[in-house]
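Dear colleague,

I am handing over the structure that we spoke about, and below it I have written down what was found in it. Please keep it open while you read, so that you can follow each part on the screen.

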Amino acid sequence: MPTQPALPRTPESFLPKEHNLYRPRHSKRQRTALACAAFFFVTPLLLSVAGVHPAAFENRPLRDFPSLGAGWGFFTGMSGWATDHLPLRQAGVQAADAISTGLFGDPPGSGQGTSHDGGTVGVDQGKPDNGDVPGYVYPTVLPGKDGWMYLGEDVNARCRPVMDTDHVVAALRKLRTAVERSGRKFELVIAPDKYSEEPAHLPDTYVGKPCAQARTAEFWNRVPRETGAIDLRPALADAERRVGHSLYDRNDTHWSFDGGLVMTYALGSAIAPGSTAGWQAAPNGVRPWPADLARVLGRDEQRQLTTYSLSTDGGADRTRYIASDFKTPLHLSQPDGAKPAGSIARTTAVVADSFTQFASPFLAATCQDVTIVHAETVAQSTAREMTTLFADRDIVTFEMVERSVIGGSSALLRDQTIDLLGQVLAAHPRHS
């Protein structure tokens, strides 16, 4: 049998160009690709050093620079970080959306997808009757009727959950047990999505409608009843009838200060039954607030939100309108150590998200000592940081927006978060 000629030991790039195995080490295309990659990843760093920082505009925070300790995750995370921090990215996204909508007639936000990385539990995406389409990328903004807009993630979270409802219920029960075993009072309030609270303005047809509606019905039929969560929907409906308009705006995902006031009254009644009987609230002005869904589409629109005064004893207005995203904990206490009648005397912690921004003025008025901290901050905290947050708190309240619970995406539903919180609270018990 004839022997095969030995392959040359000389590197391919060092062979004569005429050799049939010659391969250039770096072709012109390779050099161009490397240069583009370097520009893509290095430009955000250089701009950051120069003081140019991108702003979040997609109703989510910008991705953090990946940790060197994440192993291979450092490299896989670089692309998302660099994309978020590209210069003029917002202008590019807005221009693409304007062309897509104006020239081709696509729905607003259809060029921006809502991806989902987690696995699916309890939902068969292959069934044609659940309304989901495998591989479909839900738009960031779902256009509704009469100029109303909805967050596409509200549908995505329902049709592609990372937990089924049984697991969500179990996690919320475990969270309650972790708090109550330490001698603290636990309260959970779920802020309804605009998708749930204002369905009349949804489009007649959209991808995911059957599974989203079914999941919504199952969630509200089970979760308040099986976990003890406060169901705000009846009180929100009463408030809407009282003020004569929706508590949600057509161009934003959140409720208004009216919704925040409803939440505060509900928490006050649950924490200290009968305490709200003497509370007095009254409209006292209008405050502009940027509309988040409009901003995603490149529009600078302002909501005009009615503000309220609130007194627990018929005396001075004690509201405090302080802008905060709660990523850094916000601590509020009564001036000069005042203890007005009807106020909540026990030290309180509220683990919250952006919906509590519209309740914080009233929590400041009704709690003698309250700390408000974002759920993401809690989920990323060490045991020492959690101790600082909760060791001296008598009451631990959780406000979660529906979309973060209905699909199980909230970090507060993870065993590791609940277990660590439970350990910290158990090490610093309180007595009712």
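Which residues is Leu267 in contact with, leaving aside its neighbours within four places in sequence? Before answering, I should say that this is a predicted model. The contacts of Leu267 are Glu187, Val189, Ile230, Leu363 and Thr397.

Leu267 is also among the residues with the most contacts inside the largest nonpolar core, a set of 38 residues, and it shares that description with Leu232, Leu236, Trp255, Met263 and Ile372. Helix 9, which covers residues 257–271, supplies the largest share of this core, namely seven residues. There is also a second, separate core of 35 residues, and Leu172, Trp220, Val373 and Leu389 are included in it.

Next comes the sheet. It is open and has six strands in the order 6-5-12-10-11-9, and the pairing in it is mixed. Strand 6 (230–231) and strand 9 (330–333) stand at the edges, and because each has a single partner strand, one side of each is left without a neighbour in the sheet. Strands of a sheet pair through backbone hydrogen bonds, and they can do so in a parallel or an antiparallel way. Here strand 5, made of residues 185–191, pairs with strand 6 in the parallel sense over two bridges, and Val189 has Ile230 in strand 6 as its bridge partner. Helix 5 (residues 165–180) packs on the sheet, where it touches both strand 5 and strand 12 (395–401), and its direction makes about 150° with that of strand 5.

Please look as well at the loop between strand 5 and helix 6 (194–197), since Asp193 lies there. Is Asp193 buried or exposed? Its relative accessible area is 0%, so Asp193 is buried. Not counting residues up to four places away in sequence, Asp193 touches Asp154, Arg158, Tyr248, Val401, Glu402 and Arg403.

The last part concerns two helices. Helix 13 (residues 383–390) and helix 15 (residues 415–427) pack with their axes 9 Å apart and at an angle of about 60°, and the two helices are therefore oblique to each other. The crossing in which helix 13 passes helix 15 is right-handed. On the side of helix 13 the contact is made by Ala383, Met386, Thr387 and Phe390, while helix 15 contributes Thr417, Leu420, Leu421, Val424 and Leu425.

With best wishes

Key: Residues are numbered from 1 along each chain as its sequence is written. This is a predicted model: local features need pLDDT of at least 70, side-chain atom pairs count only at pLDDT 80 or more; totals for chains, interfaces and linings use all residues. Side-chain values use heavy atoms; hydrogens and water are left out. Two strands pair if DSSP finds at least two bridges between them. Helices (H or I, at least four residues) and strands (E, at least two) are DSSP runs, numbered from the N terminus. Contact means heavy atoms within 4.5 Å. Axes are lines fitted to C-alpha atoms, for helices over the stretch in contact, and angles run from 0 to 180 degrees between N-to-C directions. Buried means under 20% relative accessible area, exposed over 50%, partly exposed in between (1.4 Å probe, protein chains only). A nonpolar core is a set of buried Ala, Val, Leu, Ile, Met, Phe, Trp, Tyr and Cys residues joined through side-chain atoms within 4.5 Å. Angles under 35 degrees count as roughly parallel, over 145 as roughly antiparallel, 65 to 115 as roughly perpendicular and the rest as oblique. A crossing is left-handed if the near helix is turned anticlockwise from the far one by less than a right angle, and right-handed if clockwise.
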